[in-house]
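Let's take a walk through a protein structure together. Keep the sequence and the 3D view side by side, and look up each residue as we come to it.

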Amino acid sequence: SGQEFDTRVEISSNAKENLKGILFEASYPFGFNFISSTINPVSGNNVWNIGDLPAGAKRVFSIKGSLSGEDTDLRSFHFNIGTKGSNPVKIGTQYLSLDREITIQKPFVSLSLDINGSSGITDSVGQFDRNSTVSIHWFNNLSTIVSNMKIVAKIEGSAYEKSTVSPQSGYFNSSDNTITWSAQTNKEFSSVGAGDSGTVSFALVPKDFSQVGKIINNPKITITASVSGERTQETNVPLAVSASTKRNIIVPSAVDLSARIVRNVGPFSNSGFIPPKVDNISTYTVILSVSNTTNPVRDVEVTAILPPYVKWLNQFAPNTENVSYDSNSGLITWSVGNIEANRDSLSRKEVAFQVAFTPSVIQVGSVPSIINQIKLTGTDNFTNTAVNSSKDSLTTRFSTDPSYKAGDEVVSK
């Protein structure tokens, strides 16, 4: 269970004429994980274009994968071969079908990978610049001792940075990106008793290597753990044992939300006293912007709330943006939509809107907030997880405006 294996596919023609447009199709059982094939599939991971097959010719390729399940489980693979139909990736006329069964056996030494406390075989979601802890659990399923056991973790992927690896008790070889635990680092590995188990761990930090004009899409780190050792048979002849398992750390996009308040820049002309004066209206422009990095993000929405002393003026730009206001709750909603992966500042989405502030006498000497609870939500297309961002309240301190000077933010009588 969980071990990689190759399925060799050999297609031979016993026809007297050339066979044109041959397709080969595989149906996989539950628990099968497709890894690769020596020729690329033309549809999904289970349809291959064999092309024309001359009389007496032969085509050979292999499919690499792994199969997970319980001990003694029986799994069946189904294969079809035929010619293309009206759909170029579907078999129209079938020549032959074949079934092959595989019995799953428990490995001599079991391995499992936990990432940040999450077990299983599915991808684990990490975060850029945040530590990820990987635990490799092992268990000797044999009724005999395993000698000279060794565990090796191979690390690779577009979000992998070797300088962030913390191997703990293992030896990290940065030249081949492996961490090794053996009898040299863990003395108990020299002789592992029947039914013995344990855990080795390491940590690393996913990094974003995207640059302007060079986006790293779908960033991930792949960790392949393997175990090897020797068991002694009844004949006292050592026999090698091995097993392996693999998991990915996938990383959602880092969506950036920014918010600022201005007076003398932006698409609107503002009016009123600066500093703001009790019982007099002063208008401000709020500018919200959103940018994206590595993965497309869908259903992006930015919300914010106006306090009761700030009025929505129903002026926003560009007026093609989807912006709405609920006067009962003070909720502003900017429906951004979908954002493609791009670090280019030109791809930043931005909206500006105008609000009016009428200070009360109880606010004299204070710096009141103009807009609160600025939040972004969306869904990362690669990891299919929620993307969130938030910003602090914006006050009457419009310090990103070149015209601002200290004291302009404080309410006066």
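**A guided walk through the strands and loops**

Asn 218 is partly exposed, because its relative accessible area is 37% and the partly exposed class lies between 20% and 50%. You are looking at a predicted model, so every value here has been computed. To find Asn 218, go to the loop between strand S15 (197-204) and strand S16 (220-232). The backbone does something noteworthy there: phi of Asn 218 is near 50 degrees, a positive value in a residue other than glycine. Most residues other than glycine have a negative phi.

Where else does a residue other than glycine have a positive phi? Look at Gln 168, with phi near 55 degrees. Gln 168 sits in the loop between strand S11 (146-156) and strand S12 (171-173).

Now let's turn to the peptide bonds. Most peptide bonds are trans. Which residue is joined to Pro 275 by a cis peptide bond? The partner is Ile 274, and omega of this bond is about 0 degrees. Pro 275 belongs to the loop between strand S18 (256-262) and strand S19 (282-291). A cis bond also leads from Ala 317 to Pro 318, again with omega near 0 degrees. Here the proline is in the loop between strand S21 (310-317) and strand S22 (322-326).

Some of these strands come together in a sheet. An open sheet is built from 4 strands in the order S18-S19-S24-S21, with antiparallel pairing. Strands S18 and S21 stand at the edges, and each has a single partner strand, so one side of each is left without a neighbour in the sheet. On average, neighbouring strands of this sheet are turned by 25 degrees against each other, direction ignored. The partner of S21 is S24 (residues 349-357), and 5 bridges join this antiparallel pair. One residue we have already met takes part: Ala 317 has Ala 352 in S24 as its bridge partner. Ala 317 is thus a bridged residue of this pair and also the residue from which the cis bond to Pro 318 starts.

Next, go back towards the beginning of the chain and find strand S5 (residues 58-67). Strand S1 (residues 4-12) pairs with S5 in the antiparallel sense over 9 bridges. Strand S3 (residues 32-37) also pairs with S5 in the antiparallel sense, over 5 bridges. What is the bridge partner of Glu 4 in S5? That partner is Ser 66. Ser 66 is the bridge partner of Asn 33 as well.

Strand S1 also helps to form a hollow. The second largest pocket has a volume of about 500 Å³. It is lined by 23 residues, of which Glu 10, Ile 11, Phe 24, Leu 96 and Leu 98 are the closest to its centre. The elements giving two or more residues to this lining are S1, strand S2 (19-27), strand S6 (74-84) and strand S7 (91-103). By type, the lining residues of this pocket divide into 14 nonpolar, 6 polar and 3 charged.

To finish, let's visit three residues and their surroundings. Is Ile 155, in strand S11, buried or exposed? Ile 155 is buried, because its relative accessible area is 1%, and buried means under 20%. Setting aside neighbours within four places in sequence, the contacts of Ile 155 include Phe 202, Leu 204, Ile 221 and Thr 222. Ile 155 and Ala 225 are 70 residues apart in sequence, yet their C-alpha atoms are 8.9 Å apart in space.

Thr 180 lies in strand S13. At 18% relative accessibility, Thr 180 counts as buried too. Not counting residues up to four places away in sequence, Thr 180 touches Lys 150, Ile 151, Val 152, Gly 170, Tyr 171 and Thr 185.

The last stop is Asn 186, in the loop between strand S13 (178-181) and strand S14 (191-192). Although Asn 186 is in a loop, this residue counts as buried at 9% relative accessibility. Beyond its neighbours within four places in sequence, Asn 186 is in contact with Ser 169, Trp 181 and Val 200. Asn 186 and Val 200 are 14 residues apart in sequence, with 9.4 Å between their C-alpha atoms.

Definitions and conventions:
Residues numbered from 1 in each chain as written. Predicted model: local features only at pLDDT ≥ 70, side-chain atom pairs only at ≥ 80, totals over all residues. Heavy atoms only, no water. Buried < 20%, exposed > 50% of the residue type's maximum accessible area, 1.4 Å probe, protein only. Pairing = 2+ DSSP bridges. Axes fitted to C-alpha atoms, helices over the stretch in contact; angles between N-to-C directions. 1 Å grid on protein atoms, 1.4 Å probe; cavity = no way out; pocket = protein on both sides within 12 Å on 5 of 7 lines; lining within 4 Å. Points joined across faces, edges and corners; volume = space filled by probe spheres on them. Nonpolar A, V, L, I, M, F, W, Y, C, P; charged D, E, K, R; others polar. Contact = heavy atoms within 4.5 Å.
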